[in-house]
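Work through the exercises below with the sequence and the 3D structure open. Try each task before reading its solution.

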Amino acid sequence: MAISHSPIVNPLCTTSPFTSSRFPPRRPFCATVILCSYKSGSGLTAEDKKALFERYGFDTDAHQLSHNPPKTKRRVKQEKRPGKAKQLSEQVDEPQRETHKLLQVLGGKAKRKKLLSPKGMDVRPMMEVVKGSAFDILQAAGGCPASLRPGRWLDLYSGTGSVGIEAISRGCSEVHFVEMDPWVVSNVLQPNLEATGFLDVSVIHTVRVESFLQQSEQLLGGDRVFDFISVTPPYTQVNYDILMDQISKSTVIGEDTFIIVEYPLRTDMLESCGCLVKIKDRRFGRTHLAIYGPQWALKRRSPEKVNSRSSNTTLQVKV
């Protein structure tokens with residue numbers, strides 16, 4: 001800050017050079033000029049500035065006396081970058097996922113045992129009416145309506161594991177579960193296997209189904225062919241043409257394998273899957289169930305039964 005009162009130094013000090021005895025000299029007029037400058041990091045504190053402003057009659061409230069410079073446009077732009085907003089959104093805690101016991105085993109040695117399932121629509125288990133019908137068809141096709149023929153089961157998109165657990169309960173010797181969600185595996189699938197006592201005859205693969213089918217030789221070793229395969233994917237997240245083509249070319253199916261596929265309405269399923277043929281196709285509301293199996297499981301009506309039924313109908317009409 002620079003303050004000047006000298007009429008010699010101050011250019012605003014006016015004194016007329018033309019004076020005479022007739023007119024007495026005028027009183028010199030000096031304008032006091034206060035020059036204020038601000039420089040970041042100067043030695044003046046806020047109190048010194050306030051005292052200086054009060055000394056010369058300035059209103060201290062109308063002036064900013066802090067040392068903090070205003071935010072520049074550059075700093076404002078940095079705060080509005082999308083990266084920082086993304087970091088803030090990542091710090092927000094995700095809602096805690098919960099489970100409830102709404103499912104149960106329908107048949108076999110673990111019948112009526114309750115199973116955990118996640119709340120919400122993250123995991124959509126197979127409906128009990130669909131599951132019961134699928135196992136009834138498989139048991140009848142295998143020649144033993146009371147239970148499944150012994151074998152190995154592959155549960156793709158297992159989720160809660162209700163289909164694979166049902167298979168063990170009805171007679172399967174070993175089940176491989178494929179589920180990509182680690183939370184579902186640790187909080188739903190594994191507790192269900194422990195509660196039913198089937199953990200010792202189960203193998204859990206926490207990978208994507210596509211990766212499992214591609215790496216089946218490395219993951220399974222010599223025992224790659226399964227007797228039963230269940231396919232219950234989330235409807236909106238898969239392409240059934242690509243999925244069934246990948247399964248048909250995989251080493252997990254054999255000549256005597258049965259495959260059950262749950263699919264939504266308005267989805268066209270092929271009549272065969274590799275060396276297997278479609279033996280059943282059922283509808284349950286908006287859900288469809290297709291079952292593929294070997295040629296010998298395809299039941300056909302014999303000519304004698306057809307003739308006997310036609311003759312019975314003609315007799316009833318005549319009466």
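**Exercise 1.** Which handedness does the β-α-β unit made by β8, helix α9 and β9 have?

*Solution.* The model used here is a predicted one. Begin at β8, go through helix α9 (residues 240–248) and end at β9; this β-α-β unit is right-handed. Next, look at the two strands themselves: β8 and β9 pair in the parallel sense, over four bridges. For one such pair of residues, find S230, whose bridge partner in β9 is I260.

**Exercise 2.** Describe the surroundings of β9, and state which strand pairs with it in the antiparallel sense.

*Solution.* Step one is burial. A residue counts as buried if its relative accessible area is under 20%. Seven of the seven residues of β9 are buried, so the strand is largely enclosed by the rest of the structure.

Step two is to sort the residues by face. In general, side chains in a regular strand alternate between the two faces of the sheet. In β9, F258, I260, E262 and P264 lie on one side, and I259, V261 and Y263 on the other; both faces are covered.

Step three is the antiparallel partner. Strand β9 (residues 258–264) is joined by six bridges to strand β12 (residues 287–293), and the two run antiparallel. Within β12, L289 is the bridge partner of E262, and A290 is the bridge partner of V261.

**Exercise 3.** Place β5 in its sheet: which strands pair with it, and what is the order of the strands?

*Solution.* Take one neighbour at a time. Five bridges connect β5 with strand β6 (residues 174–178), and these strands run parallel. W153 stands opposite V175 in β6. Between β5 and β6 the chain passes through helix α5 (residues 162–169), in a right-handed β-α-β crossover.

The other neighbour is strand β8 (residues 228–231), which pairs with β5 in the parallel sense over four bridges. Here L156 stands opposite V231.

Now extend the picture to the open sheet of eight strands, whose order is β7-β6-β5-β8-β9-β12-β11-β10, with mixed pairing. Its edge strands, β7 and β10, each pair on one side only.

Finally, check burial in β5 (residues 152–156): five of its five residues are buried. R152, L154 and L156 point one way, while W153 and D155 point the other way.

**Exercise 4.** Is N192 buried or exposed, and what does it touch?

*Solution.* First locate N192, which is in helix α6 (residues 182–196). Its relative accessibility is 2%, so N192 counts as buried. Leaving out residues up to four places away in sequence, N192 touches L115, L116, T160 and I165.

Then consider the helix around N192. The buried residues of α6 include V184, V188 and L193. The buried residues of α6 pack against β3, β4, α5, β6 and β7.

**Exercise 5.** Follow α6 from its start to the residue after it. What is found at the start, where is the kink, and how far apart are the end C-alpha atoms?

*Solution.* At the start of α6, a side-chain oxygen of D181 comes to within 3.0 Å of the backbone nitrogen of W183. Further along, a kink of about 30° lies at L189, shortly before the proline P191. For the span, use 1.5 Å a residue: the 15 residues of α6 should span 21 Å, and the end C-alpha atoms are 20 Å apart, which agrees. After α6 comes G197, with a positive phi near 80°.

Key: Residues numbered from 1 in each chain as written. Predicted model: local features only at pLDDT ≥ 70, side-chain atom pairs only at ≥ 80, totals over all residues. Heavy atoms only, no water. Buried < 20%, exposed > 50% of the residue type's maximum accessible area, 1.4 Å probe, protein only. Pairing = 2+ DSSP bridges. Right-handed = clockwise from strand over helix to strand, strands pointing away. Contact = heavy atoms within 4.5 Å. Expected span 1.5 Å × (residues − 1). Bend = angle between axes of the 7 residues up to and from the residue. Polar contact = N/O pair within 3.5 Å; in protein donor to acceptor, adjacent residues only side chain to side chain.
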